[in-house]
Every structure is written in C-alpha cells, then in structure tokens.
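Please find below a short note for your consideration. It concerns one helix packing, one cavity and one residue.

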Amino acid sequence: MTIRVLVADDQGMVRTGFTAFLSTQPDIDVVGEAADGEEAVRRVAELSPDVVLMDVRMPVLDGLQATRRILSSGGRPPKVLILTTFDLDDYVYEALRAGASGFLLKDASAVQLAEAVRVVAAGEALLAPSVTRRLISEFARLGPRRPRATLDGVTEREAEVLTLVAHGLSNQEIAERLVLSEQTVKTHVGRILAKLGLRDRAQAIVHAYETGLVRPGE
C-alpha cells in the first residue's frame, strides 16, 4: 500500500528536499505541501494524507497548534511526524501531548526520514531513546495529572507490556525481556490501545504517565 504524505514546512528548500527524496521511494507518494500550519490544516482536509511531516516553527499557525486542530477534526486523521531543528524538552512533550506519533530532528538522514514515515504510518510511535528519556524526565518533573488510574479490562501481562512501552522499550526489546515472540508483544500492544481507547504507542506512553499508571523510576 502506498503511503500518502503531506510535507508542512515554511522553508521552501526543505519542502523541496523532503519531497524529492520521498518521491523516490516506491511505497511513498508526496501528495502535497504546506508553507504554514493554517495551510497544513486545509491541505489535510483536501488531500487526506496518511502521514503529515510537520515542522514545529511555522508562521500563521505553528506545528503544535496545527497538529491539535488536525487530530481533533474527527474522521480518520493522519499520523503526524513532528520535524524540528530544535532538540528541546518542551517541544517533545507538547508535540506528543498534541497527539503526534513521532518526533524527528531535521538532521536525521534521508533513509531515517523514509523509515520514520513507514513506522508512524504502520501505527507505531517514533521515539528515539534520547527523546523517550527526556519525555520521562518531564513527567517526573510534572508528576501525574490525575490520581493513579486502574487498568480495568487490562490483563496482568498487558499491564506489564504497557509499563515497558512507557519506559521506551521497542517490541523486540519487550519480547526479549518477557521471553515472548515479537508478534505476541505486538498483539498485546494492539489490545492495550483498543482497551484504553488510544490511537498509537506515543499516546499510550503519554497516557501511562499522565494517569499515574506508570511513574518515573518504577
């Protein structure tokens, strides 16, 4: 299946570069571009992309505000992959709270960019270990936003998997830790998302910490 991508960045050369490279990928089709957040919101409504590459700092409407509007518009919203040159804690935290499925610095290689598109299109979160560490540090600073929640309907094994997801482990790493197959872990993650009404792995991490299901250091 071809992944439909919208590139939103206020720098024309960046948009052109991303579009040129991604267009060479047999499974990726760049369906449009946007120069600011407001245009990105309009283009998503017009083009229904699967993935939006969203710059953080843009005029008119920034990438975080645009992400919130796109993901709250109902229907079947696209996955949003945040792109920025700024490796800052508040962007990581706010981007994921806004509903983004991934966070990638613009100095990532072209190959990493294409793989990032595939990862978020498949419903996975794209969180580099360094990003996850900063996210956990931010939750440790802020504390849970609500009292520790119960895991109604979630099995003991699923709770174990969710804890490891929240600590930033990949499916492969979780499989090795729990002595399970990677496919079994993937199935557990899918059931966790369905039971808790979450969109993807990134949302699961935010949910786990903000509800106090998992606390930093545990």
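The points below take up the helix contact, the cavity and the residue in turn.

1. The model is predicted: local features need pLDDT of at least 70, side-chain atom pairs count only at pLDDT 80 or more, and totals for chains, interfaces and linings use all residues. Residues are numbered from 1 along each chain as its sequence is written, and side-chain values use heavy atoms, with hydrogens and water left out.

2. The axes (lines fitted to C-alpha atoms over the stretch in contact, with angles from 0 to 180 degrees between N-to-C directions) of helix α7 (residues 156–166) and helix α10 (residues 201–210) come within 9 Å and cross at roughly 100°. The two helices, α7 and α10, are therefore roughly perpendicular (65 to 115 degrees). Leu 162, Val 165 and Ala 166 of α7 meet Arg 201, Ala 204, Ile 205, Ala 208 and Tyr 209 of α10 (contact: heavy atoms within 4.5 Å). By class, this contact of α7 with α10 comprises seven nonpolar, no polar and one charged residues.

3. The largest cavity (a set of points on a 1 Å grid where a 1.4 Å probe fits but cannot get out) has a volume of about 30 Å³. Its lining (residues with an atom within 4 Å of a point) includes Leu 162, Val 189 and Arg 201. Helix α9 (182–196) gives the largest share of this lining, three residues.

4. Is Asn 171, in helix α8 (residues 171–178), buried or exposed? Asn 171 is buried, at a relative accessible area of 10% (buried: under 20%, 1.4 Å probe, protein chains only). Among the residues that Asn 171 touches are Val 189 and Arg 201.

Methods
Buried means under 20% relative accessible area, exposed over 50%, partly exposed in between (1.4 Å probe, protein chains only). Helices (H or I, at least four residues) and strands (E, at least two) are DSSP runs, numbered from the N terminus. Angles under 35 degrees count as roughly parallel, over 145 as roughly antiparallel, 65 to 115 as roughly perpendicular and the rest as oblique. Ala, Val, Leu, Ile, Met, Phe, Trp, Tyr, Cys and Pro count as nonpolar, Asp, Glu, Lys and Arg as charged, and the others, Gly among them, as polar. On a 1 Å grid over the protein atoms alone, a cavity is a set of points where a 1.4 Å probe fits but cannot get out, and a pocket is an open set with protein on both sides within 12 Å along at least five of seven lines; lining residues have an atom within 4 Å of a point. Grid points are joined across faces, edges and corners, and a volume is the space filled by probe spheres set on the points. Lists of a residue's contacts leave out its neighbours within four places in sequence.
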